[in-house]
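Got your viewer open and a selection box ready? Load the model below and let's walk through it stop by stop.

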Amino acid sequence: MSNYTPAIWLGSVMGEIRRSFSVLWKLEARFKGVIFEGNAEILGRPMISVAKGGRLVVGRGVKIYSSVRTNPLGLSQPCALRALTPTAELILKEGVGISGAVICAGSRIEIGEGTILGAGAMVIDNDFHQPVGEWGWSSDCATGARPIKVGRGVFIGARAIVLKGVTIGDRAVIGAGAVITKDVPARHIATGNPAKIFPLSKAEEVAPGASLRA
């Protein structure tokens with residue numbers, strides 16, 4: 001007996017409608033200065049900004065999901081991709097997948113090949129504000145910014161936060177809700193706040209081909 005119900009059919013139709021807007025969102029991204037190195041899929045309208053002189057590079061096969069229904073958890077916000085300063089670089093390598101994630105570069109952020117960022121994850125290499133005068137704050141994203149490098153095949157769980165100056169090695173796993181303030185070696189797992197780091201066992205290792213929507 002077929003499991004193909006009217007509800008499944010309607011969901012499929014709505015999914016195709018969302019995909020039809022992907023071309024529009026890519027055109028908008030190009031207009032804002034994004035460099036595409038190959039075909040990419042954009043579902044839902046992301047928030048994108050590239051400062052004059054900054055670079056935002058999207059590799060082949062990257063998936064940027066911002067629509068609420070593109071992730072099993074549901075998304076509370078669109079993806080935010082920002083190169084905030086004239087010297088900032090934000091690089092998404094081939095096959096990266098992000099869902100409602102925030103990546104803001106005041107210096108440089110590189111996300112390695114095949115890495116996945118879960119719903120609401122954040123990768124931020126700067127403090128956004130610096131103290132001015134006795135009580136004021138500037139919108140200075142350059143001062144104090146420190147590059148972030150995320151390796152290949154990394155899984156960054158939902159609501160995790162990766163802060164400035166961090167390097168995450170290949171095939172590492174960042175647990176949901178973790179706050180990462182120091183380097184995570186390759187094939188290690190980091191969980192909690194403050195994050196604790198320990199070797200990733202074979203049983204815990206993320207398998208190749210894991211869903212980009214997780």
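What follows is a short tour, from the whole chain down to single side chains.

**Whole chain first.** Keep in mind that this is a predicted model. Colour by pLDDT: the chain averages 88, and 85% of the residues score at least 70. Now select residues 207-214, where pLDDT stays under 50. The model does have 21 contacts beyond four places in sequence for that stretch. Still, where pLDDT is low, the predicted coordinates should not be read in detail.

Switch to cartoon and you'll find two helices and 22 strands. Turn on the surface: the chain exposes about 10900 Å², with carbon and sulfur atoms supplying 59% of that. Of the 214 residues, 45% count as buried.

**Stop one: helix 2.** Select residues 22-31. The buried residues of this helix are S22, W25, K26, E28 and A29. Look down the axis of helix 2: these buried residues fall within an arc of 160°, so they line one face of the helix. Move on to G33, which follows helix 2 and has a positive phi, near 110°.

Go back to S22 in helix 2. Its relative accessible area is 6%, and the cut-off for buried is under 20%, so S22 counts as buried. What does S22 touch, leaving aside its neighbours within four places in sequence? Show A40, E41 and I42, and you have its contacts. Draw a C-alpha to C-alpha distance from S22 to I42: the two are 4.9 Å apart in space, though 20 residues apart in sequence.

**Stop two: two open sheets.** Pick out strands 1, 4, 7, 10, 15 and 18, which form an open sheet in the order 1-4-7-10-15-18, with parallel pairing. Its edge strands are strand 1 (34-36) and strand 18 (167-168), and each pairs on one side only. At the strand 18 end, zoom in on strand 15 (residues 148-150), which runs parallel to strand 18 and is joined to it by two bridges. Label V150 and you'll see I168 of strand 18 opposite.

Another open sheet of six strands has the order 3-6-9-12-17-20, again with parallel pairing. Here strand 3 (47-50) and strand 20 (179-180) stand at the edges with a single partner strand each, so one side of each has no neighbour in the sheet. Inside this sheet, select strand 9 (residues 102-105) and strand 12 (residues 122-124): three bridges join this parallel pair. V102 stands opposite M122 there.

**Stop three: salt bridges.** Side chains of opposite charge can pair when their charged atoms come close. How many salt bridges does the structure hold? The count is nine, and three of them are worth a click.

- E28 and K32: the closest N and O atoms are 3.8 Å apart. K32 is partly exposed, at 31% relative accessibility.
- R55 and E89: this one is 2.9 Å, N to O. The pair links distant parts of the chain, with R55 in strand 4 (residues 55-58) and E89 in strand 7 (residues 89-92), 34 residues apart. R55 is partly exposed, with a relative accessible area of 34%.
- K164 and D127: this one is 2.7 Å, N to O. K164 lies in the loop between strand 17 and strand 18 and D127 in the loop between strand 12 and strand 13, so the pair ties together parts 37 residues apart in sequence. D127 is partly exposed at 39%.

To finish, select R55, E89, R108 and E110 together: salt bridges that share partners join them into one network.

How values were computed
Residues are numbered from 1 along each chain as its sequence is written. This is a predicted model: local features need pLDDT of at least 70, side-chain atom pairs count only at pLDDT 80 or more; totals for chains, interfaces and linings use all residues. Side-chain values use heavy atoms; hydrogens and water are left out. pLDDT is the predictor's confidence in each residue, from 0 to 100. Contact means heavy atoms within 4.5 Å. Buried means under 20% relative accessible area, exposed over 50%, partly exposed in between (1.4 Å probe, protein chains only). Helices (H or I, at least four residues) and strands (E, at least two) are DSSP runs, numbered from the N terminus. The arc is that of the directions from the helix axis to the C-beta atoms. Accessible areas come from the Shrake-Rupley method with a 1.4 Å probe; for residues, only the protein chains shown count as cover. Two strands pair if DSSP finds at least two bridges between them. A salt bridge is a side-chain nitrogen of Lys or Arg within 4 Å of a carboxyl oxygen of Asp or Glu.
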